[in-house]
Amino acid sequence: MIVNNEQQIGSSKSMTSYLSPLVQDIKPSGIRKFFDLVSASKDIITLGVGEPDFITPWHVREACVYSLERGYTRYTSNAGMPELREAISGYLENEFKTAYDPKDEILVTVGGSEAIDLALRALITPGDEILIPEPCYISYSPITAIGGGIPVGIETFAKDNFKLTAEALEAQITPRSKILILCYPSNPTGAIMTYEDWLPIAKVVEKHDLIVISDEIYAELTYGTKHVSFASVPGMQERTILVSGFSKAFAMTGWRMGYACGHRDLISAMLKIHQYTVMCAPVMGQVAALEALTNGLGEKDKMVESYNRRRRLIVDGFRSIGLECHEPQGAFYAFPSIQNTGLTSEEFAQQLLVEGKVAAVPGTVFGLGGEGFIRCSYATSVAQLSEALERIGSFVAKIK
């Protein structure tokens, strides 16, 4: 007699009992949960997705197509094409004064997200505490937990322009602290750190012998000042894994092209995990990334100029509506305060969606310090932003 799988397992038994407790304890993405509501609504202006509205430049797409026509469909080196690693090395040295040997200090990954995951898995011993300034990108804590680490949030504040301070960092350090994750320019706040801001942080990092994962995916998107990599601070490059990629500045989100740079011992450990999980990043994406670095810097600069105009529009718009909004000097997000409305972030976002037909992300999904704020991406057209601000203004006037 043939017994089906359900009979073998037991029809009343939940399959979740087979799952790792580490996975079961992870909460679903607050952003995705919220935008499930958006998909069921009509006439919504979405300010929620952290993705450029630009299409990847034609010559970058053409380079990929041409490589396929020539039959470039095989594996590359596990670490990535040598030509691409050399281009990344030259680019980082020219733009951000950080020098890495392309032979063994650069690893091409499947997006910056894989690079962060690899770094954490290579570094974490179960029970290690991972220090994470918040509000922050939503993936850091779940990936830390999956790797057996303990995420420790460090709250940052609008009064400090959401910058990490040495005092706040020092207050959270214990004997189990091992890794500090940085994300500047910041998602979701648009905050940046200057060289002077980094110096006291570097002293704390050195004092407590921390390793740093510096997520610099928005490095190119700064306004009025140039990005300063934490790895460029004296003494910090050796203990920093710099993570970046092509998604944001080069409008290449769907290509999933990222990279990690760091001490050869750290990159070698990450490479071991990488080669057993994904083997290598897709060759066609690597060809496109090489073209973007070689011939696409002009288009990148034009996109940054466009984001800057939209940045001014949305910040001025929120302030004219009566919502306080700190000056985002990087990335493409505004993080206005909605505290004076009397609503929580979740309430404001849900009511704005239903009544105002505008989708924004509740600040609470980004961790400590997010309550009382919403995240709005300005990586959308001026026309859409202008209409969204009108709708938000009408909604705020009605509820106040």
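Trainee: What makes strand E3 (129-134) and strand E5 (177-183) contributors to the lining of the largest cavity?

Mentor: In this predicted model, E3 and E5 each supply at least two residues of that lining, and a residue belongs to a lining because one of its atoms lies within 4 Å of a cavity point. E5 gives the most, with 3 residues.

Trainee: How do you know which residues are closest to the centre of the largest cavity, and how much space lies in it?

Mentor: The space comes to about 80 Å³. Of the 13 residues that line the largest cavity, Pro133, Pro135, Cys136, Cys183 and Tyr184 are the closest to its centre.

Trainee: How do the residues of that lining divide into nonpolar, polar and charged?

Mentor: The division is 10 nonpolar, 3 polar and no charged, where Tyr, Cys and Pro count as nonpolar.

Trainee: How many cavities of 30 Å³ or more are there, and what lines the second largest?

Mentor: The count is 2, and the second largest has a volume of about 30 Å³. Its lining is formed by Tyr184, Pro185, Ile192, Met193, Thr222, Lys226, His227 and Val228, which divide into 5 nonpolar, 2 polar and 1 charged; Lys226 is in this lining, and Lys counts as charged by the rule applied.

Trainee: Why is strand E7 (residues 240-245) called largely enclosed?

Mentor: A residue is called buried when its relative accessible area is under 20%, and 6 of the 6 residues of E7 meet that condition, so the strand is largely enclosed by the rest of the structure. In a regular strand the side chains alternate between the two faces of the sheet. Here Thr240, Leu242 and Ser244 on one side, and Ile241, Val243 and Gly245 on the other, are all buried, leaving both faces of E7 covered.

Trainee: What makes E7 a partner of strands E6 (residues 211-215) and E8 (residues 257-261)?

Mentor: Pairing requires at least two bridges. E6 and E7 have 4 bridges in the parallel sense, and E7 and E8 have 4 in the antiparallel sense, so both pairs satisfy the requirement. Valine 243 of E7 stands opposite aspartate 215, while in E8 its bridge partner is alanine 260.

Trainee: How do you know that the span of helix H11 (residues 283-295) is close to the expected one?

Mentor: H11 has 13 residues and reaches 18 Å from its first C-alpha to its last, set against the 18 Å expected at 1.5 Å a residue. Its buried residues, including Val283, Gln286 and Leu293, pack against helices H4, H5 and H12 and strands E2 and E8.

Terms used: Residues numbered from 1 in each chain as written. Predicted model: local features only at pLDDT ≥ 70, side-chain atom pairs only at ≥ 80, totals over all residues. Heavy atoms only, no water. Buried < 20%, exposed > 50% of the residue type's maximum accessible area, 1.4 Å probe, protein only. Expected span 1.5 Å × (residues − 1). Contact = heavy atoms within 4.5 Å. 1 Å grid on protein atoms, 1.4 Å probe; cavity = no way out; pocket = protein on both sides within 12 Å on 5 of 7 lines; lining within 4 Å. Points joined across faces, edges and corners; volume = space filled by probe spheres on them.
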